[in-house]
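Reader: Hello! I'm new to this structure and would like a close look at one part of it, with a bit of the surroundings to help me find my bearings.

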Amino acid sequence: MYVVYAEGEEAQAELLAQPLREAGYDVTHNGTVVVGESLIASAMRAVTGGTPVVLCATARASGSAWAHQIVNAGHSGGRIQVFVVQMESQAYVEHLALRNKVARYCDDSAAAVRDLLAALAKHFPPTGSSAPVQAEWISERMDAPLGRNALDIEAVQRFRDELRPEVTARHPATLEPWEFLERAGLAVAGELTVTGVLLFGRNPTAVLPAAAVKCVRYHGMDRSALRYTETFEGVVPDQITLARDFVARHVRRGELPSRDQVRSVDVYDYPMIAVREIIANALVHRDYSTTDICVHIRLFHDRLEISSPGSWLGRNIADGAELSLAELEGQSIKRNFRLAHVLSWVRLVEGEGSGIPTSLRDCAQTQSEPPTVRYDQSVVTITLKPRSSGSIALHTHDGTAYQQFNVVTPSREVAWPVRVGVPPQVVEHFQDRSAMTQISETLSIEKDTAMAGISPASAVVVSGLGGVGKSQLAARYAWSLWAEPKVDVAVWVSAVSRDAVVTAFANTAKRVLHEQDSEVFGRTPEFAAESLLEWLASTGRRWLVVLDDVQNPADLMGLWPPQSDTGQFVVTTRRRDAQLHAGRRMIELNVFTRDEAVAYLADMLTNTTDDADRDQLESLAEELGRLPLALSQAAAYLIDHPLLTIADYRAMLADRRRTLAELMPAESELFVERQQTLAATWSLSIERADQADGATRPSGAGLARPLLEIASLLDPNGTPLDVFTTWPVLQHLATCVDREVGSDDVRDGLTRLHRFNLITLTPDLPVRGVAVHALVQRAVRDTITADRNHDLAHVVADALLEAWPEIDSQQPALTQALRSCANTLHTWTVPSLWYSRGHLLLFRVGRSAGESGQPTTATTYFQRLQDQAITYLGPDHPDTLTTRNDLAYWRGHAGDAVGAAEALAELLTDRLRVLGPDHPDTLTTRNDLANVYESAGDAGRAIPLYEATLTDAKRVLGPDHPTTRKIRSNLENVRSS
């Protein structure tokens, strides 16, 4: 078996290779056969030799020429040899599948693996004993040995811990696991039977691909609705429990006190004893000879369907016929007798055919309709309906006891208009911004004709960094309509979780729908929320829904208000996910413009009126990055400290020893409702960006914070993307998360930060590909300890050096960005790069500026560097002498040949004293002094100095050393001129 994939996608291929190995196939991949342009021949030989090939179809692989070659070769002989697995939704695979079915891993990984194993078993059954078993064999030999499928000893022990006392007496705890299994008829000669695998196998679906239960919660009345899916594999006892719990989670209404229980008991919409019995029967009595259909549990708005492959034994039901379960009481035969019998030992199924009577009794006692049974295309489906709205079914957590309470629902007219939630207060000095106009235009609202002419695409998503004013913008818009009587329903939700949205929607449904739907008070919050969404989609009344601060777009699955001619929908979020765009206008809210920022500060600080004050306000606004939240809190700080001038505050802000927290009000001092401090505003976003999304995604989890720490030390206007994938950064990140980190992981980590608006990615401008707001940088730097800051300084300096091109003039935009990043790094970490010696980056920056045609800039830079070197290293340190050499060299190139010559002559004296005549640095200074003489036109002094220096360089360094060659070249140039 060959698993073929595009280069660099080994991890995704391994997701397929592992279950293939467990199923008994000998799998080759992960470097042994990597199908790229250079290794097509290896895969083609496998195909032509009759070996089955699994194609790991990512977007990259499916669009390649080699994929088409392999597929065509695999089907040329008439036999299917290539099996396609779609790993990514954007991968176009239909042209690769030909007449074979595509396994869609991107939609449901477990189902895809089952489909793949079933297809392989049909055409290429493995030789190992763990192969998927043929249907006829299963149906005839449930009690026959299947092979050495790995036994789950822990599953056996858990099962035995739950045995009824009378069963334990027959199968005492002193029995070894295999003894217990053989005595129970679940193993023969050390091999599990089919029933044994279903009960205690480590991976039952490896040999029985359809031995799973798929649970789907549909947010509507049919299968076209949005859905949430979970697939449970594993052993049958666990499947029964997990499937029952899946239903319970989605139909639980809450809890109420019990007359005879110490704790409150759960309230459900469905008779949960009946649900458990029917799920157990579906799994126990299904036809396991059907290898392409698993048990399905589908929960709709108005019903629960439990489908099991096979016919109803004991009664011939016509195809398509539907009967009441009561008509079939006493007319069932156990298809898998031993499976049912053993499960009765732990009370997971009722014995003696009492499962159906128990279900019917529970339905009657909870005032639920009797379930119906339908047989269609070899599948039995039992349908349950929600209990009567006039009562509540109370169950203990194990589903074995219940009570009845009558529910009295209010009966009164709806009090229009309905308002749910309250928008936050709008700040006193709110600035009208262009984004407000965009919202109004998108929603087709005019103040003098409120709610008139609403567009069908009446949905707006406002996205931006925390602190740019998204909530204030939405609040201003909501308040403009809140008192408008023509707006029949207005809802404001702080959408920090799915529960918050569901609860608000359910409360709105009860306020709006109780007159026309008396059952709304008895529905679960999820069902009530769905009822509201259906009403919003069809009503002629005017409505507005605002979901503020959506933390995770996935929380809104099935909860997006519909497009409507009479409704409006506004979302604010820090996220940038693509799913937010679908059918909605996305408005990226940025910081204030310069005029907006100054006007806001002037309004807040009423004593600033003259031109001098305006200059101070403009400077303060820029220093705070024109971020509305920062401006608001800075103004509040100034108001609370009347003796502090704006100039004083700016000086404090420039003091790197002060943190943002010291320069802003404490949370208890904030005078704007629901406002957070700057640090708190961003900390939650960073935490969420660090969380894992799932096992199949590139592993960027845990990298968001360390990547943001690196970015906080670099140019806020943009850092080259390649800096973040250099070896020093990868090693640092690997240490942070205690695992290997690659370039893909870094790109995923950066994407997470971008999605949360903590950074801005511009991949079309890679030399400035990662930008961060300056205040976000400062807030992050405030959390970095001194020791960590020192270590980070060296990591980032090494990274910048690695990213630096060999010849600056060939990539001027890149070197300019790197110089800017290096200067920013040194500013925020000084004196870390002077520890024991000067980091090479410090010298590379100045030389790069000079080599790029900016000798005056280089001279100024090295003057500052020389002052620092003397301070941190002392006047005679070799690196201090090097800065003096660079300063004099570029001083000469800037036009001051006399001053440069004097400086180099003084430096030569010091280097001879400190380093000696034969040190390479001394030779360099002699060469640079001769070069200055040459630049000044004094060949009479330049040539003798070049000659003497060349003689010493050949003696000390050798004739072929780069320094020797450079001196020789300089000498030849001056002689020829």
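Reader: Where is Arg 114 placed? Please start there and lead me onwards.

Author: Happy to! Please keep in mind that what you see is a predicted model. Arg 114 has its place in helix α6. Is Arg 114 buried or exposed? Arg 114 counts as buried, because its relative accessibility is 7%, and the cut-off for buried is under 20%. If we set aside the neighbours within four places in sequence, Arg 114 is in contact with Thr 205, Pro 209, Ala 210, Ala 212, Thr 231, Glu 233 and Cys 294.

Now let us see what helix α6 itself leans on, starting with a sheet. This is an open sheet of four strands, in the order β1-β2-β3-β4, and the pairing is parallel. At its edges are β1, residues 2-4, and β4, residues 103-104, each of which pairs on one side only. Strand β3 covers residues 82-86 and runs parallel to β4, to which it is joined by two bridges. If you would like a spot to click on, try Val 85, whose bridge partner in β4 is Ala 103. Helix α1, made of residues 10-22, packs on this sheet and touches β1, β2 (53-57) and β3. The direction of α1 makes about 145 degrees with that of β2. Helix α6, the home of Arg 114, spans residues 109-123 and packs on the sheet too, touching β2, β3 and β4. Its direction makes about 175 degrees with that of β3.

With that part in view, we can step back. The protein chain has 38 helices and 26 strands. Of its 977 residues, 54% are buried. Among contacts between residues at least 6 apart in sequence, 69% join residues at least 24 apart. Arg 114 offers an example to look at, with Cys 294 one of its contacts.

Further along the chain, some backbone details deserve a pause. Gln 367 is not a glycine, yet it has a positive phi of about 55 degrees. You will find Gln 367 in the loop between α15 (355-365) and β15 (372-376). Gln 367 counts as partly exposed, since its relative accessibility is 41%. Asp 549 is not a glycine either and has a positive phi of about 60 degrees, but Asp 549 sits in strand β22, residues 543-550. At 18% relative accessibility, Asp 549 counts as buried. For a cis peptide bond, look at the step from Trp 416 to Pro 417, where omega is near -5 degrees. Pro 417 lies in the loop between β18 (402-406) and β19 (418-420).

A cis bond also leads from Val 830 to Pro 831, with omega near 15 degrees. Pro 831 belongs to the loop between α31 and α32, which brings us to a helix pair worth a visit. Helix α31 runs over residues 812-829; at 1.5 Å a residue, its 18 residues should span 26 Å, and the C-alpha atoms at its ends are 26 Å apart, so the two agree. Its buried residues include Leu 814, Ala 817, Leu 818, Cys 821 and Thr 829. The buried residues of α31 pack against α30 (786-803), α32 (840-851) and α33 (855-873).

How do α31 and α32 cross? Their axes come within 10 Å, at an angle of roughly 140 degrees. This crossing makes α31 oblique to α32, because angles over 145 degrees would be needed to count as roughly antiparallel. The crossing is left-handed. On the α31 side, the contact is made by Thr 815, Arg 819, Ala 822, Asn 823, Leu 825 and His 826, and on the α32 side by Leu 841, Leu 842, Val 845, Ser 848 and Ala 849.

Let us finish at Asp 910, which is found in helix α35, residues 897-914. Asp 910 is buried, as its relative accessible area is 18%. Not counting residues up to four places away in sequence, Asp 910 touches Leu 881 and Arg 884.

Key:
Residues are numbered from 1 along each chain as its sequence is written. This is a predicted model: local features need pLDDT of at least 70, side-chain atom pairs count only at pLDDT 80 or more; totals for chains, interfaces and linings use all residues. Side-chain values use heavy atoms; hydrogens and water are left out. Two strands pair if DSSP finds at least two bridges between them. Contact means heavy atoms within 4.5 Å. Axes are lines fitted to C-alpha atoms, for helices over the stretch in contact, and angles run from 0 to 180 degrees between N-to-C directions. Buried means under 20% relative accessible area, exposed over 50%, partly exposed in between (1.4 Å probe, protein chains only). The expected span of a helix is 1.5 Å times one less than its number of residues. Angles under 35 degrees count as roughly parallel, over 145 as roughly antiparallel, 65 to 115 as roughly perpendicular and the rest as oblique. A crossing is left-handed if the near helix is turned anticlockwise from the far one by less than a right angle, and right-handed if clockwise.
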